[in-house]
Amino acid sequence: AFQKISYTAVGDTVNIASRLEGLAAPGEVLISSDTYQNLKPETLSKYQFQELEPLEIKGKKDRQQVYKLVQEYTADTIIQLTD
C-alpha cells in the first residue's frame, strides 16, 4: 500500500525566516544576524549585505539585527569597484 509522508519545518528559525519574508519589500532579501554570522567567506565575497537598523519581529522580545542583500558581485561590478 502507498503511504504519503509529509514533513513540516517548525521552530524559531522558521518563524524568523517567515517574519523576515513578510517584512521584505517585493524582490528584497532579508536575513537574520544568525544567518549572516554563519555565511561562508566565499558567500561574503560574492554578495554584498547592508546592515539595517534592528527590527521588531513578532514573537521576539528584543529588536533583531537584520541584513539586506544589496547586490551580487559579478565580474562587471568588481571591475567597476576597482576603477
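**Exercises on a predicted model**

Ile57 touches Arg19, Leu20, Leu23, Gln64 and Val66, with residues up to four places away in sequence left out; contact means heavy atoms within 4.5 Å. The model is predicted, so local features need pLDDT of at least 70 and side-chain atom pairs pLDDT 80 or more, while totals for chains, interfaces and linings use all residues. Residues are numbered from 1 along each chain as its sequence is written, and side-chain values use heavy atoms, without hydrogens and water.

**Exercise 1. Elements of the chain**

Task: State how many helices and strands the chain has and give their order.

Solution.
1. The chain contains 4 helices and 3 strands, taken as DSSP runs (H or I, at least four residues, for helices; E, at least two, for strands) numbered from the N terminus.
2. Read from the N terminus, the order is α-β-α-α-β-β-α.
3. Among the contacts in the chain with a separation of 6 or more, 45% join residues 24 or more positions apart.

**Exercise 2. The nonpolar core**

Task: Find which residues make up the largest nonpolar core.

Solution.
1. Of the 83 residues of the chain, 13% count as buried (buried is under 20% relative accessible area, exposed over 50%, partly exposed in between, with a 1.4 Å probe and protein chains only).
2. The largest nonpolar core has 6 residues: Ile16, Leu20, Ala24, Leu30, Ile57 and Val66. Such a core is a set of buried Ala, Val, Leu, Ile, Met, Phe, Trp, Tyr and Cys residues joined through side-chain atoms within 4.5 Å.
3. Two of its members, Leu20 and Val66, are also contacts of Ile57.

**Exercise 3. Leu23 and Leu55**

Task: Place Leu23 and Leu55 in the chain, and decide whether each is buried, partly exposed or exposed.

Solution.
1. Leu23 belongs to helix H1, whereas Leu55 sits in the loop between strand E2 (47–51) and strand E3 (66–72).
2. Leu23 has 46% relative accessibility, so Leu23 counts as partly exposed.
3. Leu55 has a relative accessible area of 25% and is partly exposed.
4. The C-alpha atoms of Leu23 and Leu55 are 9.4 Å apart, with their positions 32 residues apart along the chain.
5. Beyond four places in sequence, Leu23 is in contact with Glu28, Leu30, Leu55, Glu56 and Ile57.
6. On the same basis, Leu55 touches Leu23, Arg63, Gln64 and Val66.
7. From Leu55 to Gln65, 10 residues apart along the chain, the C-alpha separation is 6.5 Å.

**Exercise 4. Thr43**

Task: Locate Thr43 and give its exposure.

Solution.
1. Thr43 is in helix H3, residues 41–46.
2. The relative accessible area of Thr43 is 25%, so Thr43 is partly exposed.
3. Glu72 is 29 residues from Thr43 along the chain, and their C-alpha atoms are separated by 9.6 Å.

**Exercise 5. Residues behind the core contacts**

Task: Identify the residues that occur in the contacts of both Ile57 and Leu55.

Solution.
1. The contacts of Ile57 include Leu23, Gln64 and Val66.
2. The contacts of Leu55 also include Leu23, Gln64 and Val66.
3. Of these residues, Val66 belongs to the largest nonpolar core, and Leu23 lies in helix H1.
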